[in-house]
Amino acid sequence: MNSVAIKQNFPGDDAVAHYLAAFKRQRAALPGSGIPWMQRLRDQAASSFARQGFPTPRHEEWKYSDTKPLQKQRFELLAGGAGAAAKDTDAHRFEGLKAHRLVFVDGRFSVNLSSMRELSAGAVVMPLSQALPSHVDTVQSHLAHYATMDTNAFVALNTMLMSDGVFVHLPPGMIVEAPIHVLYLSTADGGTSQLRNLVVAERGAEATIIEHYAGPADSAYWTNTVTEIDLNGNAGIEHYKLEEEGDKAFHIATVEVHQHRDSRFTSHNAALGGRFVRNDINTRLDGENAQCALNGLYVIKGRQHVDNHTRIEHVTPRTVSRELYKGVMDGWSRGVFNGKVIVHKYAQLSDSEQANHSLLLSPNAEADPKPQLEIFADDVKCAHGVTVGQLDADALYYLRSRGVPKAEARGLLTFAFANDVLTRMRIEPLRAHLENLIRVRLPTRATELP
């Protein structure tokens, strides 16, 4: 690392200095440390992170999410990864699901906890740390090509400190039948996992990938993850991101997708855990007839804060996007949704629909929706809608008039609200797992609104 350059650009922020110092101490032990282009990439990321610093509410994209609580803590990049046993991961299995399973503990791959099924010849599913030296051409051609570190400080920080993650490369026509379940388990109070995932699907390839984040309820830790996905012509990826971090955890995630002609991308993003959660999911429809569907559900309580940012760019003609995000807020929680759809000048005949609906179960809960449409073409079909409200009083009265206790009636209506997103998930064991988690959170009080 060019320490002089870092010092010259250093903004004087203690938190920034902490992570730059961690990089300086540990860079020789990070994956790819002996690979020149990786060293250059990490140094560029360090300079970018030093220049940007942490975002504040003065940044429009962070208007509703203050990162000061995150900056006040000094999380450490862990070198271990052995702090978990099989019993720790059993609770995070999806009963009945037959999947390729990779487990990362505190940001490091655990071969003992992972169980891979046989893959068809040519398909690659492995830790990124192992792919860096063994699949250098593919990794170098795609890593850091889609997630922009120049304008996203957390992507820059992740690129600087990335420890490990999953690498998936599907050759042309390859269809991986069993889902790829990647469990990221945090175990250490005060630790941070800087996870990096890379998925490359060649022409006509298909797979289902589950990113699953979990950790102890009573530990403060930080997960910062970046996933880059490149879909070649007619390729398809169904992507699940299930976040059930601990109550004191910070979780920041970026998913960047680049889609070519006739490709298909479906995202299911479920956020239930964490103290402070920020999700950025962005896709670029850069080929005719490319299609994407973004589905999101956040069910939060207490003083949880979940901020979902999505961006869909229609770059070429005849592209299609569909988006549905739903949020259930209880207690003093706060849910933010910022969905931006951009239709570029030459993206004629684009077709886009976006909806965000928020359900407030408490007078102290807060929803901040912000749909955005930027259209530069003149022959398109675009629509968006937003609602924020409470449980339907007529429906509640109807259930109560038939003998359903008020608390149970509130629970039934809340689940029905969320179920619209759950039913879009094709993997039944995962959907059942989510349903169980949500049922635990259903309102049991009869004295809240309405």
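**Notebook: a hairpin, a helix pair and a cavity**

I began with R101, which stands opposite S115 in β3. The model I am reading is a predicted one, and I keep that in mind for each entry below.

Entry on the hairpin. I looked up how β2 and β3 are joined, and found that β2, residues 100-105, and β3, residues 108-115, run antiparallel and are held together by four bridges. Two residues lie between these strands, and in this hairpin I noted that D106 takes a positive phi near 50°.

Entry on the helix pair. I then turned to α3, residues 36-52, and α8, residues 153-161, which pack at an angle of about 145° with their axes 8 Å apart. The crossing in which α3 passes α8 is left-handed. On the α3 side I listed L41, R42, A45, A46, S48, F49 and Q52, and these meet A153, A156, L157, T159, M160 and L161 of α8. Sorted by class, the residues of this contact are nine nonpolar, three polar and one charged.

Entry on cavities. How many cavities of 30 Å³ or more does a search of the whole structure find? I recorded four of them, and the largest has a volume of about 70 Å³. Its lining consists of V299, I300, K301, V328, D330, L361, T414, A418, I438, R441 and L442. I also checked which elements contribute to the lining of this largest cavity, and β14 (291-300), α10 (406-422) and α11 (428-441) each supply at least two residues. By class, I entered the lining as seven nonpolar residues, one polar and three charged.

Note on methods
Residues are numbered from 1 along each chain as its sequence is written. This is a predicted model: local features need pLDDT of at least 70, side-chain atom pairs count only at pLDDT 80 or more; totals for chains, interfaces and linings use all residues. Side-chain values use heavy atoms; hydrogens and water are left out. On a 1 Å grid over the protein atoms alone, a cavity is a set of points where a 1.4 Å probe fits but cannot get out, and a pocket is an open set with protein on both sides within 12 Å along at least five of seven lines; lining residues have an atom within 4 Å of a point. Grid points are joined across faces, edges and corners, and a volume is the space filled by probe spheres set on the points. Ala, Val, Leu, Ile, Met, Phe, Trp, Tyr, Cys and Pro count as nonpolar, Asp, Glu, Lys and Arg as charged, and the others, Gly among them, as polar. Two strands pair if DSSP finds at least two bridges between them. Axes are lines fitted to C-alpha atoms, for helices over the stretch in contact, and angles run from 0 to 180 degrees between N-to-C directions. A crossing is left-handed if the near helix is turned anticlockwise from the far one by less than a right angle, and right-handed if clockwise. Contact means heavy atoms within 4.5 Å.
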